[in-house]
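The following paragraphs lead the reader through one protein model, from particular side chains to the sheet and the cysteines. Please keep the sequence and the coordinates at hand while reading.

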Amino acid sequence: VVTIALAAVPALGAPDGFLLVRDADMFVLNDASDGYLAFSSVCPHESCDVSSYAQGRIRCPCHGSAFDKTGVAREGPAVGLAPLRRYTTRLDAATRTLTVMKG
């Protein structure tokens with residue numbers, strides 16, 4: 001379980017904002033239509049960390065793979081491999097904390 005205080009991460013406050021949590025191998029995205037989404041940050045191609053979000057795609061900088069909001073690779077060498085593992089998220093609006101369950 002990872003808990004994120006949203007006040008401490010201004011980027012997650014805006015639609016399309018994201019956070020790479022390196023020590024938890026996790027990528028968190030503020031998706032305006034679906035709330036907060038969280039995935040494994042480990043690209044299935046060669047285990048680099050996905051580290052950015054642009055044009056509706058989670059991007060891996062190592063070899064150009066790009067994943068949609070379900071974690072499925074749509075571009076690059078990760079196409080056809082396992083998707084990014086998706087984690088369950090819960091937002092506590094009162095405390096402005098996001099909890100991510102990896103299990």
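**Charged pairs, sheet and cysteines**

Arg57 is partly exposed, with a relative accessible area of 24%. Here buried means under 20% relative accessible area, exposed over 50%, and partly exposed in between, with a 1.4 Å probe and protein chains only. The model is predicted: local features need pLDDT of at least 70, side-chain atom pairs count only at pLDDT 80 or more, and totals for chains, interfaces and linings use all residues. Residues are numbered from 1 along each chain as its sequence is written, and side-chain values use heavy atoms, with hydrogens and water left out.

Arg57 takes part in a salt bridge with Glu75, in which the closest N and O atoms are 3.8 Å apart. A salt bridge is a side-chain nitrogen of Lys or Arg within 4 Å of a carboxyl oxygen of Asp or Glu. Glu75 lies in strand S8 and Arg57 in strand S6, so this pair ties together parts that are 18 residues apart in sequence. Strands (E, at least two residues) and helices (H or I, at least four) are DSSP runs, numbered from the N terminus. Through salt bridges that share partners, Arg57, Arg59 and Glu75 are joined into one network. Glu75 is partly exposed, at 34% relative accessibility.

The structure holds 5 salt bridges. Another of them is formed by Lys69 and Asp31, with the closest N and O atoms 2.4 Å apart. This pair links distant parts of the chain, since Lys69 is in the loop between S7 and strand S8 (73-75) and Asp31 is in strand S3, 38 residues apart. Lys69 counts as partly exposed at 27% relative accessibility, whereas Asp31 is buried, with a relative accessible area of 2%.

What else surrounds the side chain of Asp31? A polar atom of that side chain lies 3.0 Å from the backbone nitrogen of Asp34. A polar contact is a pair of N or O atoms within 3.5 Å; within protein, one must be able to donate a hydrogen and the other to accept it, and residues adjacent in sequence count only if both atoms are side-chain atoms. Leaving aside neighbours within four places in sequence, Asp31 is in contact with Leu37 and Lys69, where contact means heavy atoms within 4.5 Å.

A further salt bridge joins Asp49 to Arg22, whose closest N and O atoms are 3.3 Å apart. Because Asp49 lies in the loop between S4 and S5 and Arg22 in the loop between S2 and S3, the pair ties together parts that are 27 residues apart in sequence. Arg22 counts as exposed, at 55% relative accessibility.

Strand S3, which holds Asp31, belongs to an open sheet of 6 strands with antiparallel pairing, in the order S1-S10-S9-S4-S3-S2. Strand S1 (2-5) and strand S2 (18-21) stand at the edges with a single partner strand each, so one side of each is left without a neighbour in the sheet. Neighbouring strands of the sheet are turned by 20 degrees against each other on average, direction ignored; axes are lines fitted to C-alpha atoms, for helices over the stretch in contact, and angles run from 0 to 180 degrees between N-to-C directions.

At one edge, S1 and strand S10 (residues 97-101) run antiparallel and are joined by 4 bridges; two strands pair if DSSP finds at least two bridges between them. Thr3 stands opposite Thr99 in S10. At the other edge, S2 pairs with strand S3 (residues 26-31) in the antiparallel sense over 4 bridges, and Val21 has Met26 in S3 as its bridge partner. The hairpin of S2 and S3 has 4 residues between the strands, and in it Asp25 takes a positive phi near 50 degrees.

The structure also holds 1 disulfide, a disulfide being a pair of cysteine sulfur atoms within 2.5 Å. Cys48 and Cys62 form it, with their sulfur atoms 2.1 Å apart, and the link is left-handed, with -105 degrees about the S-S bond. Cys48 lies in the loop between strand S4 (35-40) and strand S5 (52-54) and Cys62 in the loop between strand S6 (57-59) and strand S7 (66-67), so the pair ties together parts that are 14 residues apart in sequence. Cys48 counts as buried at 18% relative accessibility, whereas Cys62 is partly exposed at 38%.

Why is the sulfur of Cys43 without a bond to that of Cys60? The sulfur of Cys60 is the closest cysteine sulfur to that of Cys43, but at 3.9 Å it is too far for a bond. Cys43 counts as buried at 2% relative accessibility, and Cys60 counts as buried at 5%.
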